[in-house]
Amino acid sequence: MKKVIVIGNGMVGYKFCEKLRAAEGGKDFKLTVFGEEPWPAYDRVHLSAYFSGSNAEDLLMAPRQWYSDNAIELRTNELIVNIDRIQKKVFSHLGKEEEYDFLILATGSAAFVPPIKGVEKKGVFVYRTLEDLDGIISYGKQAKSAAVIGGGLLGLEAAKAVVDLGLKAHVVEFASRLMPRQLDENGSGLLKSKLEDLGISIHLSKNTAEISGNGKLTGLSFTDGTHLPVEMLVISAGIKPRDELAKGCGLQTAPRGGIIVNEFLQTEDPSIFAIGEAASYQQMVYGLVAPGYEMATQVVNQLVSNQVKPFMGFDMSTKLKLIGVEVGSFGDPFGEGEPSKTIVFEDKVKGIYKRINISQDAKRLLGGILVGDTSNYNMLWQMVQNNMPLPPEPEDLILGARGGKESQGAGVESLPDAAQICSCENVTKSDICVAISEGGMMDIPGIKSCTKAGTGCGGCMPMITDLLNHQLKSMGRKVKNVLCEHFDYSRQELLDLVKIKGIKSYDALLEDFGKGDGCETCKPAVASILASTWNELILKQDTIQDTNDRFLANIQKGGTYSVVPRIPGGEITPDKLIVIGQVAKKYGLYTKITGGQRIDLFGARVDHLPDIWEELIDAGFESGHAYGKSLRTVKSCVGSTWCRYGVQDAVSYAIRVEERYRGLRSPHKIKGAVSGCIRECAEAQSKDFGIIATEKGWNLYVCGNGGSKPQHAQLLINDVDDETCIRYIDRFLMFYIKTAEPLNRTATWLNKLEGGMDYLRDVVVNDCLGIGKELEREMDFMVETYACEWKEVVNNPELRAKFKHFVNVDEEDPTLAFQPMRGQKIPAEWGVPQSK
Amino acid sequence: MIGEIEKYKKVEVNNITTWFKAASISSFPENGGACVKFKDLQIAVFNFSRRGEWFACQNLCPHKMQMILSRGMLGSVAEEPKVACPFHKKTFSLKTGKNLNGDACEITIYPVKVEEGFVYIGFDEGY
Ligand code: SRM
Ligand SMILES: Cc1cc2nc3c(=O)[nH]c(=O)nc-3n(C[C@H](O)[C@H](O)[C@H](O)COP(=O)(O)OP(=O)(O)OC[C@H]3O[C@@H](n4cnc5c(N)ncnc54)[C@H](O)[C@@H]3O)c2cc1C
Ligand code: SF4
Ligand code: FES
C-alpha cells in the first residue's frame, strides 16, 4: 500500500484528507498527517467566532474521532523539521522519522510581521491561530485600547475583534485608503466613515517607525513624527507562506514566498505536491480557502488516477464579513484588466456606493465594488464568472428595476447550469438542482449534506435558498415554511387551526394535525400560538415551554435564574426600590440596571424563585416577562412633566401602553418606547413600536429593532390622539402576532411582508382587509384576560412544588458555584467540555 | 466540575446490581423530566408519556458542563426519542445518548423501570 504524508493539518490539509478518503480508490493509501498546532484542523475563516462564544471544539473541521474512523493517523503537536528527498523520509522535532511515497506540503502561512523596531514587546500580537486569540483575549482584559496594523480584509476583522473585546480600536494603514486591493477611493472613503461611526479610528498613510514602551508597548510612533498611544497591538499586515521546509530540502520557492508549483500542484520533485496557502502558482499565493480546496481536489484526483483538469488560477472576489458594514469586491474591481466603462451609483444619505465595470462593447460585466449594500453581490459575481450577457440597461444591475419594469436578469433562474454556486466546495447550480429533483433533497440541511454546498464560508446560502425555492416551485410544489418535521403547516396556518377548531392544548394539536412526538422547535412555537389565542396560564402546559417560560425566569450560566419585576415606563418609587434591594440582599442576588429601564436580579436558585416573587408581589410588583416572547418594556423619557422641551406626558403614556400589553405573548419579544418630543430620548425609533410626541399628539413608528441587525422603525401615522394611537398599536400587534413566522421580530416580519410598509399601513390605518375591528376585539380579549402568572404560581402550592432541583430529596443543587466580583457574585465560568 | 463527567459510567442491563427507588411516578411531569439525586450523582428521569416510555440519563450536559438536562424538552427526530438541553439546544438521543445535532460528546443513559407506581434506576457494581 502506498503511503501519503500530509504536513500541515490546516483547512486545506484537512480537505485533502476528506477528499482522498471520499474518492473511489482513496482508501488504498496509508495516510499520516502532521500538525504543529495542538488542535486538529479548525475553521480559520470563522476564527473570529471564538470571540463571540464559540469554543475550539465548535470550530473543528472534524473531531479527532473522525480521523481514526477514517484510518488516518493524526499527529498533532508535532512539527516536521526536515525532509530527506532521497530516502523519502520526514523528520519531526521529536526526533521521529516517517517514510512516504507521496508528500503533500500543506503548511499554510504565518502572519507577516514587518521588521518594525520593538515588535518583540509585550502586548504585540498577530491574528492567525487559536493560540493567538487566547493571547489577545487575556491581554485585552487589562487594556483599554488597541491598534491594528493593516487595513485590509484581515486587519478589519481583527479590528472588529478588538471592538468586541470592549477596547477602543484604531486601524493603521500604510496605503492612502482602506482595503486598497479591493476598493477604489470612493468605496474606501465610505467604508472609512462607516467604521468611524462604529467608533473605530482610522489612520491612513501611516508608516510605523517604532513600537514604543519599556518592555510592554505603550504606543506607536510613525515616520511622519506623530504618535498614537495604545496598550495593545495586533499586526495583520499580510501573510508569509510557510516555505521554510521546502527551502531546506532544496525545492524552489518564489521570491515573494511560497513553494513553486506547476498547474498540477507539483513541485520539481515528482513525489512532492504543495497545496493551500503555502503554494505559489505563477508568482501568486492564494490567501483564501476556496482555491486551496480546489488544489486539494486536484491532487487527490491525480493520486487516484481520476481525470485532472489543470489548476488555472482562481478568482479572488471577496466579501467582508462581520464588521457591520457590507463590503464586496468581485472580478476586476478597478476595471484595469481590459478597456472598460464604469457605472457608479452613490447615495451618501443611506451610505451606499456601487460600481460596476463593463466591457467596451457593453456586453459583459468585468467586476465591481459594493459598499453599504451587498445584496446583489452573489448574482453579480455569477455574471462575471459565467460571462453572462448584460441586460440592455446595465445600470439596472445596481439600481434595481425602476418605473414598473421587471428587474432584469437578476434571478437564479437565469444562471447557466454550470454556474458555480458554492466556491468553497465547488458546487454548481446543476449539482444543487439535481440533488433536489433527483436526490429528493427538499430542504437546506438535505442539500448541505448531499452536496456539501454552503458548508464552507456560508456566503452562498442566500443563493442556495433561492435555488431551492425556485426548483421546488418549478417541480410544482408549493413552497411553504412548515414549522418542523412534526407539523406540515406554517405558523399562521396552525394559528388559524387552533382558533377555528378551538384547540387548547399542544397534545391535541399534535394528535389531530401533527406526527411524531414534537420537538424543541414546534413545542415553544405552539405554546406561543396557544398563549396568543387563549391567554391561559402558560404553566398549565409547562413541559412544552422553553426553559425560561417553564420556570418563568431567564436561565443563567450555571443553572440559576434571573428575576425581573415589571417597572412600567421605568418609573419607580423609593419604597419599591428599597424592597428590591432588600429582596436581593436576602437571597444573595446580583443586581444590575438593565438596558430596558428596570432592574434585573441575577443568580436565584430555582427553589427560591417562588419565595422571592412572593415578597415582590406583596410589595406590589408583577412579573416583567423578561423570560417570555412577549412584551418586554415600554421605555419612556421624562417628558413634559419635568423636561423644558417636552410637549406631551411621555411617562404617563408609556405606563398606560406598557400596562395594556403586559404579558402579551407573540412570535418574538416586543419592545416599545414613548418620547416626549422630537429629541427622542427614549429611542422610540429603535423599537417594535415607538411613539414620539408632537404638538398635536403622537407620531407612531413601527417595526424597529436593535439587536444584531438594527433597523429603524418607520412612520406609520402622524399626529394621532391617545386613543387612536392605541387602537392602531392594537391592530398592528395583533396582525403581527397572527401572521409572523416563529422567532421573527417585527422588523424581520415587515421585511418579508409583500407590499412592505405601504401594505401594512393599508391594513392598519386604512383597514383594507376589513379586519380592523376584529383585531381590536382580539386585543381587548387579551387585555381583559391578563393575569400576572407569578401571582398565580405563588398562590398555588401545586405549581410552587415544581420549582425544585431534585424530586427525591429537599436539597439544592450542590454543583452551583459562584465567584465574587465588585462586592457581588457572578457564576463560575462555563465548564470545559469533556469527553469520556 | 472537571472530572464530574467521569462519574457517569455506562451500565449494562445484564450487570445491574441495584435498582434505586427514585420517586413516585407522579413526581415526574407528563412529557417532561425531573432530577433525582443518587449518592453524589444527578440523574435526569423523563416521563415520555406520549410514547408511554420512561428514560433516564446523566443530568450533566457535556457541552458546557451544566447540571440541567432534567429541565430539557422532550421530542423526537424521525423515530428517535431525544431531549434538548435548555442552554444551547444540543439534542441527545434518549436511546443511545448520542448528540444528534453536533459533535458534543455522548451522555450516559441509564436503565429505568416502573413498578407499582414507583420509578427505579438501574446501577451496576461500579456505582
Ligand atoms: C438584562 C438585559 C441586558 C442588561 O443587562 O441590560 C438583557 C439580557 C438578555 N437579553 Fe437582551 N437584554 C436586555 C436588553 C436588550 C436590548 C436593549 C433594550 O431593550 O433597549 C436589546 C436591543 C433592543 C432590541 O431588542 O431590539 C436586546 C437584544 C437582545 C437580543 C436580540 C434581539 C434581536 O431581535 O436581534 C436577544 C436574543 C433574542 O431575543 O433572541 C436578547 C436576549 C437576551 C437574553 C434573554 C439572553 C438569554 O436568552 O439568556 C439575556 C437574558 C438576561 C437574563 O438572564 O436575565 N437580547 N436586549 C436587558 C434586559 C432588558 C429588560 O429590562 O428586560
Ligand atoms: C482571521 C482569518 C480570517 C480569514 N477569513 C477568510 C475568509 O473569509 N475567506 C477565505 O477564503 N479565507 C479566509 N482566511 C484565510 C484562510 O483561513 C486560509 O486561506 C486557509 O486557512 C489556508 O489553509 P491552509 O491549510 O493552506 O493553511 P493553514 O490553515 O495555515 O494550515 C497550515 C497548518 O500547517 C501547520 N504547519 C506548518 N508547518 C508545519 C510543519 N512543518 N509541521 C507540522 N505542521 C505544520 C500550521 O501550524 C497550520 O496549522 C482567513 C484567515 C484568517 C487568519
Ligand atoms: S445580555 Fe444580551 S448582549 Fe449581553 S451577553 Fe447576554 S444576550 Fe448578549
Ligand atoms: S450546556 Fe447544554 S447545550 Fe450548551
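Chain A comprises 26 helices and 38 strands. The model is a predicted one. Of the 836 residues of chain A, 53% count as buried. Contacts reaching across the sequence are well represented: among those between residues at least 6 apart, 61% join residues at least 24 apart.

Chain B presents another picture. Its secondary structure comes to 0 helices and 12 strands. Read along the sequence, chain B is thus a run of β elements, β-β-β-β-β-β-β-β-β-β-β-β. Of its 127 residues, 59% count as buried. In chain B, 50% of the contacts with a separation of 6 or more come from residues 24 or more positions apart.

Parallel pairing in chain A was examined at strand β7. Strand β1 (residues 2-7) of chain A pairs with strand β7 (residues 102-105) of chain A in the parallel sense, over 4 bridges. Within this pairing, A:Val6 stands opposite A:Ile104 of β7(A). Strand β7(A) is also joined to strand β19 (residues 272-274) of chain A by 3 bridges, and these two strands run parallel. Here the bridge partner of A:Leu103 is A:Ile272 in β19(A). Strand β7(A) therefore has bridges to β1(A) and to β19(A), given that pairing requires at least two bridges between two strands.

Helix α14 of chain A spans residues 491-501. Its buried residues are A:Arg491, A:Leu494, A:Leu495, A:Leu497 and A:Val498. Seen down the axis of α14(A), these buried residues fall within an arc of 160°, so they line one face of the helix. An α-helix has 3.6 residues a turn, so residues three or four places apart point the same way. The cover over the buried residues of α14(A) includes three helices of chain A: α15 (506-513), α16 (522-534) and α21 (722-739). After α14(A) comes A:Gly502, with a positive phi near 65°.

One residue of a covering helix deserves separate mention. A:Lys738 is found in helix α21 of chain A. This lysine is buried, with a relative accessible area of 16%. The value counts as buried because the cut-off is under 20%. Beyond its neighbours within four places in sequence, A:Lys738 is in contact with A:Arg491, A:Gln492 and A:Leu495. Its other contacts of this kind are A:Glu774, A:Leu775 and A:Glu778. Of these partners, A:Arg491 and A:Leu495 are among the buried residues of α14(A).

Ligand 1 is surrounded by 20 residues. The closest are A:Gln556, A:Ser562, A:Gly595, A:Arg598 and A:Gly706. By class, the shell divides into 1 nonpolar, 12 polar and 7 charged residues. Side-chain contacts to oxygen atoms of the ligand were then considered. A polar side-chain atom of A:Gln556 lies 2.4 Å from an oxygen atom of ligand 1. For A:Asp600, an N or O atom of the side chain is 2.9 Å from a ligand oxygen. A polar atom in the side chain of A:Lys687 likewise lies 2.9 Å from an oxygen atom of ligand 1.

In chain B, a buried glutamine was examined. B:Gln58 lies in strand β4 (residues 53-58) of chain B. Its relative accessible area is 0%, and B:Gln58 is buried. Its side chain makes polar contacts with the backbone at two residues. The side chain of B:Gln58 reaches the backbone oxygen of B:Leu60 at 2.8 Å. A polar atom of this side chain also lies 2.9 Å from the backbone nitrogen of B:Thr108.

Key: Residues are numbered from 1 along each chain as its sequence is written. Chains are lettered from A and ligands numbered from 1 in the order in which they are written. This is a predicted model: local features need pLDDT of at least 70, side-chain atom pairs count only at pLDDT 80 or more; totals for chains, interfaces and linings use all residues. Side-chain values use heavy atoms; hydrogens and water are left out. Buried means under 20% relative accessible area, exposed over 50%, partly exposed in between (1.4 Å probe, protein chains only). The arc is that of the directions from the helix axis to the C-beta atoms. Contact means heavy atoms within 4.5 Å. A residue is near a molecule or strand if one of its heavy atoms lies within 4 Å of it. A polar contact is a pair of N or O atoms within 3.5 Å; within protein, one must be able to donate a hydrogen and the other to accept it, and residues adjacent in sequence count only if both atoms are side-chain atoms. Ala, Val, Leu, Ile, Met, Phe, Trp, Tyr, Cys and Pro count as nonpolar, Asp, Glu, Lys and Arg as charged, and the others, Gly among them, as polar.
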